[in-house]
Amino acid sequence: MFDRIFRLSENGTNVRTEVLAGTTTFLTMAYIIFVQPAVLSGSMFGQATGMDFGAVTTATCLSAALASAIMGLYARYPIAQAPGMGENFFFVLTMLPAAAAAFAPQIAAGETSAWQIGLGVVFVSGVLFLGLSLLGVREAVLEAISPAMRDGIAVGIGLFIAFIGLQNAGVIVKDPGTAVKLNTHFASPDLLVFFFGLLLTGGLYARKVRGAVLWGILAAAAFALLLRWWIVPALPDAWRHSDLIGQSRLLTQFHPPTDGVIFAAPPDVRPTLAQLDLRHALSRPMIPFILIFLFMLMFDTVGTLVGVARHAGFIKENRLPRARQAFVSDAVGTVAGAVLGTSTVTSYIESAAGVEQGGRTGLTAVVTAALFLAALFFGPVIAMVGSYPPITAPALVIVGAMMISGAARIAWDDYAESLPAFLIMIGIPLSYSIADGLALGFISYPIIKLAAGQGRDVRPLMYLVAAAFIAYFVWLRV
């Protein structure tokens, strides 16, 4: 049955490999289950938005499961989806204050709230996104991207994934003078867990052990438990209470289920379910935010889809089969997510971890979807792994390293092709945004090609995309 539905034999895979791949993808993106409600409720910033933490948690899992299942069954790609990082921060830190200011009298009178208007904006952007997908606009954009740009996107996302992994582990930290720097406290328990997982995973991968990434995650989790329960308590008091150990995330953030409770009832979703305010969302002050979310969702998805598909070998003759179905999956996920009570749902770059694990069909995404549903009942266990990034960070670094291989296919002596691709490569990680990184390449590509006398090589749609990006930054992102 699985072979008939997902065409496993045709793609050179099997159920075991797909299950391992789906589990790996889930573990590398499970952090969103805890980050999303912390962001949308405002608890991460110490300022409540009015959104219920538990309801957002359930909405996050349900929307991720639904969108991932649609991607797996309809588009048949091993790409998981969930509420997007970046869009959620924009939702809380930029759009909600704007909505609160624009509709202060209505909010004071109890007619609506900023977060309800925000969910309405996300819903409308998702509907527009669905329309563009069904009309084939996004598919046309995807096919207009040159092979060099596609490779640049894959490499840029690989660098981005690795950078996120290093940051999550605490290896790379913020610095006021240089933006980021290396954390030299290598004796920190957090860095010990990360390097243990990284070196073990790298060794297993080099030996071509099946499931290397997943085994690395499980081994890192076991090592973290060993440190937490036995090694750290055995240290002298002076060491145990030092800032290096006492303030480490291993002791402050990693919480194994010591009481033996691994099951928990899902939080009630009703406080956010169908609470979106469409009337105020469609008013003039919110139109720019609808366009911003539409733009972010469109190009985040294009970038992720190209990067993961290129790495997996899905792109044939510069075309991605079933691209329209993949885009529709994102759109439906965003619309459903807004109804459930969460921000924009999009494809996750962490899906590359499952692809690297061997995932090649939609069964990988379906397994990830099932695990998001299971997470609603296994909160303590998922919290243990997902809330302690040094466990899953090695997988992101390893996957990032694997995605760099696309740079070898770029004709570096053809500067009209290689320079825009290079701008995408460095733009994605340095801007910390797939969409903004794409903008650097998409704007520069037609201009450089024209200057080089190669304007005829550029598809007309790319000129329109470049103009759209320029307009986006000039009028919407001011």
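The questions and answers below go through this predicted model, from the whole chain down to single residues.

User: What makes the chain count as compact as a globular protein of its length?
Analyst: Start with the make-up: the chain has 24 helices and four strands. Its radius of gyration is 22 Å, and the globule rule gives 23 Å for 478 residues. The two values are close, so the chain is as compact as a globular protein of that length. Along its principal axes, the C-alpha trace spans about 70 × 60 × 55 Å.

User: How much of the chain is buried, and how much area does it expose?
Analyst: Buried residues make up 56% of the 478. The exposed area is about 19400 Å², with 66% of it supplied by carbon and sulfur atoms. As for contacts between residues at least 6 apart in sequence, 79% join residues at least 24 apart.

User: Why is P420 called buried?
Analyst: The cut-off for buried is under 20% relative accessible area. P420 has 0%, so it counts as buried. P420 sits in helix α22, which covers residues 415-431. Beyond the residues up to four places away in sequence, P420 touches M149, Y415, G441, S444, Y445 and I448. From G12, P420 is 408 residues away in sequence and 34 Å away in space, C-alpha to C-alpha.

User: Why is Q253 called partly exposed?
Analyst: Buried is under 20% and exposed is over 50%, with partly exposed in between. Q253 has a relative accessible area of 27%, so it is partly exposed. Q253 belongs to the loop between α14 (249-252) and α15 (278-281). Outside its neighbours within four places in sequence, Q253 contacts S387, Y388 and P389. Its C-alpha is 26 Å from that of P429, a residue 176 places away along the chain.

User: How do you know that the span of helix α4 is close to the expected one?
Analyst: Helix α4 takes in residues 53-75, 23 residues in total. At 1.5 Å a residue, 33 Å is expected. From first C-alpha to last, α4 reaches 32 Å, close to that value.

User: What caps the N-terminal end of α4, and what comes just after the helix?
Analyst: D52 is the cap: one of its side-chain oxygens lies 3.2 Å from the backbone nitrogen of G54. Just after α4 comes R76, with a positive phi of about 60 degrees.

User: Why is the pair D151 and R310 called a salt bridge?
Analyst: Side chains of opposite charge can pair when their charged atoms come close. The cut-off is 4 Å between nitrogen and carboxyl oxygen. In D151 and R310 the closest N and O atoms are 2.8 Å apart, so the pair qualifies. D151 is in helix α9 (residues 147-169) and R310 in helix α16 (residues 287-312), so the bridge ties together parts 159 residues apart in sequence. D151 has a relative accessible area of 2%, so D151 is buried.

User: How many salt bridges does the structure hold?
Analyst: Seven. Among them is D268 with R270, the closest N and O atoms being 2.8 Å apart. D268 is partly exposed at 39% relative accessibility, while R270 is exposed at 62%. Another joins the side chains of D457 and K449 at 3.8 Å, N to O. K449 has 1% relative accessibility, so K449 counts as buried.

User: Which residues are joined into one network by salt bridges that share partners?
Analyst: D151, R310 and R409.

Methods: Residues numbered from 1 in each chain as written. Predicted model: local features only at pLDDT ≥ 70, side-chain atom pairs only at ≥ 80, totals over all residues. Heavy atoms only, no water. Helix = DSSP H or I, 4+ residues; strand = E, 2+ residues; numbered from the N terminus. Buried < 20%, exposed > 50% of the residue type's maximum accessible area, 1.4 Å probe, protein only. Contact = heavy atoms within 4.5 Å. Expected span 1.5 Å × (residues − 1). Polar contact = N/O pair within 3.5 Å; in protein donor to acceptor, adjacent residues only side chain to side chain. Rg over C-alpha atoms; globule rule 2.2 N^0.38 Å. Areas by Shrake-Rupley, 256 points an atom, 1.4 Å probe, with all protein chains shown as cover.
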